[in-house]
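Me: I would like a close look at a single part of this structure, one of its pockets, and at whatever surrounds that part. Please give me one connected account.

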Amino acid sequence: MASPIKILLCCASEDQRLRDDLAKHLKPLVRNQVITMLHEQPLAPGSNEAAQLRCWADEADVILLLLSKDLIATLEDHIVVARGLERYRLDEVQLIPVILYEVSWREDKHFGGLVPLPRDGQPVGEGSRAARDAALVKVVEGVKDVALQVQRKRRQELGRWQQIEDDLRARQVQAQLLLPQLLAMQPTKPATLDLAKGRALLIGVGADLPVTAQDAQGIYEVLIDSASAHYPQSQVTLLTEKEASRAKILAALDELGAQASPEDTVFIFFSGHGWRTDPSVPVCSLVPNDYFPTRSRAALISGAEFAQR
């Protein structure tokens, strides 16, 4: 079963009553494990409200912006809105306006291209109690559709990565079967390798893992040692500690790709943290030295970004 989609309800303090009404209407989706609502979780020990809101804004799969004149008036200062808009531009989160009261939200530059719930864009906070409940039910139906779309996308990604894993496992089995034959072979002439064509990128993130920088430094010394690998020193790039930032790692990968030719031997070494941002999808990211938990996931180096280089 797919993991629940993380929903964050964002509203002005003046609109918390309507937010709570919407949360009640969403409860069946919570019980059926279609969604989980982040704003209902207790604050983490030792954290303040602002830090927790930022953490939830980074963690959410879908952010519902409960729009009213009060939220529109404080957009620039609202932590969740600011982080949500940043992550939306990076395609990391779905941002959905829910119109509480009549307000000129389409005129705001931040909301271009956003599709509201209900789909007709009618305010859900106006009219009788029965009318408000009927409008909120339409919002719940829209949230369910979005959540199921996100879950389907996750299953598709999981299937693709499972296929890659199966292929790698099959090749590993094949290699194990061939290994005895390869070891039994007696080459008539030692193989030679033109190390002048060797290129390497060595990354030791350091920070809370100082041994990772030491690992990269040790491999660097072996590669350039004339009695060992004898790689040309000018063709070995070493990034450790603060040099192992996201920007410098990606720039070094781009430079390596531009300079290497099909005849070159290319060696890439990374020592540091990895982060599996979504437990339901076996996709990991590399953690550069300049990443810290309160930053957006875009500050990581995703597997896709690494593979594209």
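Reply: Helix α2 supplies four residues to the lining of the second largest pocket, which is the largest share of that lining. The model is a predicted one, and what follows should be read as a description of that prediction. Besides α2, strand β1 and helix α1, which spans residues 16-31, each supply at least two residues of the lining. The pocket holds about 300 Å³ of space, and its lining comprises 16 residues, among which C11, Q16, R19, E49 and L53 lie nearest the centre. Sorted by class, the lining consists of nine nonpolar, five polar and two charged residues.

Helix α2 itself covers residues 49-59, and within this helix Q52, W56, A57 and D58 are buried. An α-helix has 3.6 residues a turn, so residues three or four places apart point the same way. The buried residues of α2 pack against three elements, namely strand β1 (5-10), strand β3 (62-67) and helix α4 (79-89). Strand β1 therefore appears in two roles, as a packing partner of the buried residues of α2 and as a contributor to the lining of the second largest pocket, where "buried" means under 20% relative accessible area.

For the setting of this part, the protein contains eight helices and ten strands, and 37% of its 309 residues count as buried. Among contacts between residues at least 6 apart in sequence, 67% join residues at least 24 apart.

As to confidence, the protein averages a pLDDT of 82, and 87% of the residues score at least 70. The lowest confidence falls in helix α8 (residues 303-308), with a mean of 76, whereas the highest falls in strand β6 (residues 236-240), at 95.

Strand β6 also leads to one further site that may be set beside the pocket, since Q235 lies in the loop between α6 (210-224) and β6. Q235 has a relative accessible area of 19% and is therefore buried, the cut-off being under 20%. The side chain of Q235 reaches the backbone oxygen of G198 at 2.8 Å. Leaving aside neighbours within four places in sequence, Q235 is in contact with A196, K197, G198, R199 and A200, so that G198 is both a contact of Q235 and the residue whose backbone oxygen the side chain of Q235 reaches.

Methods
Residues numbered from 1 in each chain as written. Predicted model: local features only at pLDDT ≥ 70, side-chain atom pairs only at ≥ 80, totals over all residues. Heavy atoms only, no water. Buried < 20%, exposed > 50% of the residue type's maximum accessible area, 1.4 Å probe, protein only. Contact = heavy atoms within 4.5 Å. pLDDT = per-residue confidence, 0-100. Polar contact = N/O pair within 3.5 Å; in protein donor to acceptor, adjacent residues only side chain to side chain. 1 Å grid on protein atoms, 1.4 Å probe; cavity = no way out; pocket = protein on both sides within 12 Å on 5 of 7 lines; lining within 4 Å. Points joined across faces, edges and corners; volume = space filled by probe spheres on them. Nonpolar A, V, L, I, M, F, W, Y, C, P; charged D, E, K, R; others polar.
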